[in-house]
Amino acid sequence: MDHFQIRGGVLNAEDVPLPRIAEEVGTPVYVYSRATLERHARVFRAGLAPVAEQSGHEPLIAFAVKSNPNLAVLKVLANEGYGADVVSGGELTRALAAGMPAEKIVFSGVGKTRAELELGLEKQIGQFNIESREEGCELAELAAKLGRTAQATLRINPDVDAKTHEKISTGKAENKFGIPLVHALEVFDELAHLEGLNLRGVAVHIGSQLLDLEPLESAFAKVGQLVADLRQAGHKITHVDLGGGLGVPYKAGENPPSPSDYGSMVARATDGWGVHLAFEPGRVIAGNAGVLLTRVIRVKRGGNGPPFVIVDAAMNDLARPALYGAWHDFDAVEPSGESMTANIVGPICETGDTFARDRECDALQSGDLAVFRTAGAYGATMASSYNSRGFVAEVMVSGSQYAVVADRIAAAAIMDAERVPDFLS
Ligand code: LLP
């Protein structure tokens with residue numbers, strides 16, 4: 001459920017008609033709904049109630065900042081008691097700036113630099129998810145030097161097929177993430193003895209946009225076995241991080257498991273583990289809490305197919321269709337009731353700048369407004385300035401109010417950061 005609904009023939013974000021935002025802020029623009037974010041945050045937490053009950057601990061829910069790092073979005077989630085899963089110093093700094101307490105921050109990622117590890121130590125974040133023996137040794141050494149103890153888990157690679165798009169699958173043996181299960185005991189043993197590290201558990205994340213719980217359940221079963229083996233080997237295991245990955249519906253007919261289906265599965269899979277659990281949801285919280293609002297520049301007759309609806313948003317603003325062939329519903333802001341079949345494209349000079357082909361959609365003409373739905377996760381954050389188009393603006397709606405939460409960065413401002421060196425004049 002989201003708060004983007006037609007009222008009096010016009011698509012609203014909560015109580016704000018989208019044409020007002022288009023008029024006042026311009027297009028393209030991402031529009032987020034605070035009420036939807038809050039709703040999703042609460043529904044996800046409620047889904048985990050059986051887990052909390054069974055383990056006797058409130059789980060840590062660390063929002064995957066990569067899915068939507070906007071400060072206002074992070075602030076909404078901080079207010080909901082969420083922590084943050086970060087993968088760079090930049091994300092760590094944002095999470096802190098949004099008021100997320102350091103102890104609720106988890107640092108993931110295969111390529112944390114020395115400076116990033118230091119930053120995490122300095123800020124005393126809650127957990128480092130270590131992805132290699134080498135990283136563990138480096139973290140231990142830095143922590144010991146600073147007189148700190150890094151709280152850490154070892155991320156394992158369970159070699160499970162998440163059955164999602166290959167580019168967002170992370171738990172197969174050939175993926176770069178985590179420690180292969182066959183090496184887990186040996187690496188854990190080595191790192192657990194290092195001064196500066198409190199290696200207290202394991203972490204896993206097998207991929208994103210999962211529409212089936214089975215791969216998650218089989219990964220969690222492997223984690224459960226590893227926890228038992230580690231304990232058998234004398235290690236004290238108190239924390240397990242089960243990552244994110246729960247999918248969302250992008251189009252009619254897609255029926256991903258609900259947070260409560262997910263929570264029941266997790267409670268079943270983790271029964272008897274006796275650990276503090278952490279989760280790193282991104283898309284399921286932010287995806288349907290945002291749309292990309294765009295205006296039709298013109299409609300051009302097709303060659304031997306449907307017309308091209310050319311919108312002012314492009315692949316630089318919303319990369320998912322070009323990168324993953326992803327589907328985003330496309331709806332008129334003031335639907336006439338008529339429909340058309342169209343190729344929906346942006347202005348960028350490559351054929352990859354296509355949002356949809358042969359799409360049955362609301363009839364649109366030059367000047368009309370439309371939205372790409374489910375754009376709140378992995379939308380603005382993946383924008384670029386390709387074709388010197390500048391960076392897209394972001395707005396948050398709350399009831400009948402709205403605010404610009406990220407300015408549009410004009411192409412001219414980006415150009416201002418460039419120099420022509422003297423040796424060229
Ligand atoms: N934790 C870790 C360690 C991750 O790598 C990710 C996502 C998440 C949590 C959050 O996963 P979620 O709950 O959002 O599925 N750009 C792609 C998605 C990349 C996901 C990368 N990792 C897309 O637009 O589909």
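In this predicted model, a backbone N or O atom of Gly-282 lies 2.9 Å from an oxygen atom of the ligand. The side chain of Arg-283 also approaches the ligand, with an N or O atom 2.8 Å from a ligand oxygen atom. For the side chain of Lys-66, the corresponding distance from an N or O atom to an oxygen atom of the ligand is 3.4 Å. Each of these three distances can be set against the limit of 3.5 Å that defines a polar contact. The surroundings of the ligand comprise 18 residues, of which the closest are Ser-208, Glu-280, Arg-320, Tyr-324 and Tyr-378.

The residues around the ligand may be placed within the domain organisation of the chain. The domain assignment divides the protein into domain 1, formed by 4-32 + 287-415, and domain 2, formed by 34-283. Domain 1 is thus assigned as two segments of the sequence, whereas domain 2 is given as one range. Between the C-alpha centres of domain 1 and domain 2 the separation is 32 Å. To their contact, domain 1 contributes 22 residues and domain 2 contributes 22 residues.

What area do domain 1 and domain 2 bury between them? The value is about 2,000 Å², with 55% of it on carbon and sulfur atoms. Polar contacts link 12 residue pairs between the two domains, counting pairs in which both residues have pLDDT 80 or more. Salt bridges, by contrast, number zero across the interface of domain 1 and domain 2.

On the side of domain 1 that touches domain 2, the elements giving two or more residues are helix H12 (320-324), strand S20 (393-398) and strand S21 (401-406). Strand S20 gives the most to this side, namely four residues. By residue class, the side of domain 1 that touches domain 2 consists of 11 nonpolar, seven polar and four charged residues. Helix H12 spans 320-324, and Arg-320 and Tyr-324 are among the residues closest to the ligand.

Two backbone features in the N-terminal segment of domain 1 remain to be described. Most residues other than glycine have a negative phi, and most peptide bonds are trans. Glu-14 has a positive phi of about 50° although it is not a glycine; this residue is located in the loop that joins strand S2 (10-13) to strand S3 (16-17). Further along the chain, the peptide bond from Thr-27 to Pro-28 is cis, its omega being near -5°. Pro-28 belongs to the loop between helix H1 (18-25) and strand S4 (29-33).

Conventions. Residues numbered from 1 in each chain as written. Predicted model: local features only at pLDDT ≥ 70, side-chain atom pairs only at ≥ 80, totals over all residues. Heavy atoms only, no water. Domains from an automatic or database assignment. Contact = heavy atoms within 4.5 Å. Buried area = accessible area lost by both parts, 1.4 Å probe. Salt bridge = Lys/Arg side-chain N within 4 Å of Asp/Glu carboxyl O. Polar contact = N/O pair within 3.5 Å; in protein donor to acceptor, adjacent residues only side chain to side chain. Nonpolar A, V, L, I, M, F, W, Y, C, P; charged D, E, K, R; others polar. Near = heavy atom within 4 Å.
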